[in-house]
Amino acid sequence: RGLMAGKRGLIMGIANNRSIAWGIARACAAEGAALALTYQGDALRKRVEPLAAELGATVVGHCDVTDEASLDAVFARCGDLYGGLDFLVHAIAFSDKDQLDGRYIDTTADNFTRTMFISCYSFTAIAQRAEKLMQNGGSMLTLTYYGAEKVMPHYNVMGVAKAALEASVRYLAVDLGGKGIRVNAISAGPIKTLAASGIGDFRYILKWNEYNAPLKRTVTIDEVGQSAVYLLSDMGRAVTGEVHHVDCGYHVVG
Ligand code: 0WD
């Protein structure tokens with residue numbers, strides 16, 4: 001029963017119970033999806049395992065997107081577990097905290113490259129592997145932010161990486177459309193998560209959104225999760241290449 005009954009999905013990027021990926025996992029499970037989850041490193045394993053148990057999800061192992069072998073292992077495990085995949089969620093981003101403050105112009109070549117690789121290229125690397133498991137079509141989803149479209153204070157190199165990620169959503173949508181695989185992004189409003197706590201003045205950004213968004217509040221991870229269900233389930237079967245704002249309307253005024 002549910003909008004996602006019979007669908008098998010891989011969700012990457014849960015760090016703890018505040019993660020956007022956790023909101024998405026909970027919403028998909030509530031709609032009947034079977035879920036495989038990954039964690040990055042042993043410290044997060046201890047957090048992800050009990051969360052997986054709450055949903056009856058399977059932990060398919062450690063995955064660091066900078067380590068190809070760990071990516072291959074996770075997809076091999078999904079193949080063994082399900083024999084295929086119907087949806088994929090990529091909720092992964094990283095940049096050196098010191099460069100999520102101050103001026104974009106001060107970005108180093110090293111951090112620029114790493115930020116781009118982890119926050120943008122990894123979605124393509126994952127899509128390459130997921131394509132092989134999506135024999136009956138499927139839906140892929142990544143997470144982006146308004147800092148891709150407009151300059152947001154302190155978002156800096158991450159904004160540049162998100163702009164590239166949004167462009168890659170469009171290219172992937174064309175590459176995979178013929179196979180009935182859809183590729184979309186949710187542009188979420190600011191939410192207090194582990195990753196967000198690295199961004200300078202984040203509390204101010206939250207308040208600013210609260211005062212200025214049409215709905216006069218910020219979004220929750222459960223609300224992002226429910227919007228994800230639309231894009232990941234057959235409800236969104238004619239939607240691809242889209243960047244869908246789930247931000248209490250902030251993008252129409254910001
Ligand atoms: O306001 C926000 N929180 C927004 C977040 C607004 C709009 C978009 N997003 C995006 C983020 O940029 C990211 O793409 O949503 C996605 C999920 O982020 P989150 O839920 O805000 O953050 P968090 O709970 O910290 O999860 C991100 C996780 C990492 O956590 P930490 O904080 O430990 O870096 O991404 C994972 C990791 O688990 N991650 C990696 N996974 C595999 N390989 C890697 C990596 N190399 N690096 C980070």
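What span should the 12 residues of helix α7 have at 1.5 Å a residue, and how far apart are its end C-alpha atoms? The helix, residues 221–232, should span 16 Å, and its end C-alpha atoms are 16 Å apart, which agrees. Keep in mind that this is a predicted model. On the confidence side, the chain has a mean pLDDT of 97, with 100% of its residues at 70 or more, and the predictor gives the complex an ipTM of 0.98 and a pTM of 0.98.

Helix α5 passes the same kind of check: its 22 residues reach 32 Å from the first C-alpha to the last, close to the 32 Å expected. Here are the two helices side by side.

| Helix | Residues | Number of residues | End-to-end C-alpha distance | Expected span |
|---|---|---|---|---|
| α5 | 156–177 | 22 residues | 32 Å | 32 Å |
| α7 | 221–232 | 12 residues | 16 Å | 16 Å |

**What the helices pack against**

In α7, the buried residues are I221, V224, G225, S227, A228, V229, L231 and L232. Their cover includes β1 (8–12), α1, β4 (87–90), β5, β6 and β7. Over in α5, the buried list includes N156, V157, M158, G159, V160, A161 and K162, and further along the helix L165, E166, V169, L172 and L176 are buried as well. The buried residues of α5 pack against α4 (109–133), β5 (138–144), β6 (181–188) and β7 (243–246).

**M140 and the core**

Strand β5 is where you'll find M140. M140 counts as buried because 28 other C-beta atoms lie within 10 Å, and the cut-off is 20 or more. Leaving out residues up to four places away in sequence, M140 touches L88, A127, A130, I181 and V183. Its C-alpha is 14 Å from that of G225, which sits 85 residues apart from M140 along the chain.

As a rule, nonpolar side chains in soluble globular proteins tend to be buried together. The largest nonpolar core here has 78 residues. Those with the most contacts inside the core are I11, I14, I24, A25, C28, L37 and A228. Take I11: apart from residues up to four places away in sequence, I11 touches A21, I24, A25, L35, L37 and V89.

**Around the ligand**

Which of the 26 residues around the ligand come nearest? They are S19, A93, L143, T193 and A195. By class, the shell has 19 nonpolar, six polar and one charged residues. Helix α1 (20–30) and strand β5 each supply at least two residues of that shell.

Notes:
Residues are numbered from 1 along each chain as its sequence is written. This is a predicted model: local features need pLDDT of at least 70, side-chain atom pairs count only at pLDDT 80 or more; totals for chains, interfaces and linings use all residues. Helices (H or I, at least four residues) and strands (E, at least two) are DSSP runs, numbered from the N terminus. The expected span of a helix is 1.5 Å times one less than its number of residues. A residue is buried if 20 or more other C-beta atoms lie within 10 Å of its own, exposed if 12 or fewer, and partly exposed in between; C-beta atoms are placed from the backbone. Two residues are in contact if their C-beta atoms, placed from the backbone, lie within 7 Å. A nonpolar core is a set of buried Ala, Val, Leu, Ile, Met, Phe, Trp, Tyr and Cys residues joined through C-beta atoms within 7 Å. A residue is near a molecule or strand if its C-beta atom, placed from the backbone, lies within 6 Å of it. Ala, Val, Leu, Ile, Met, Phe, Trp, Tyr, Cys and Pro count as nonpolar, Asp, Glu, Lys and Arg as charged, and the others, Gly among them, as polar. pLDDT is the predictor's confidence in each residue, from 0 to 100.
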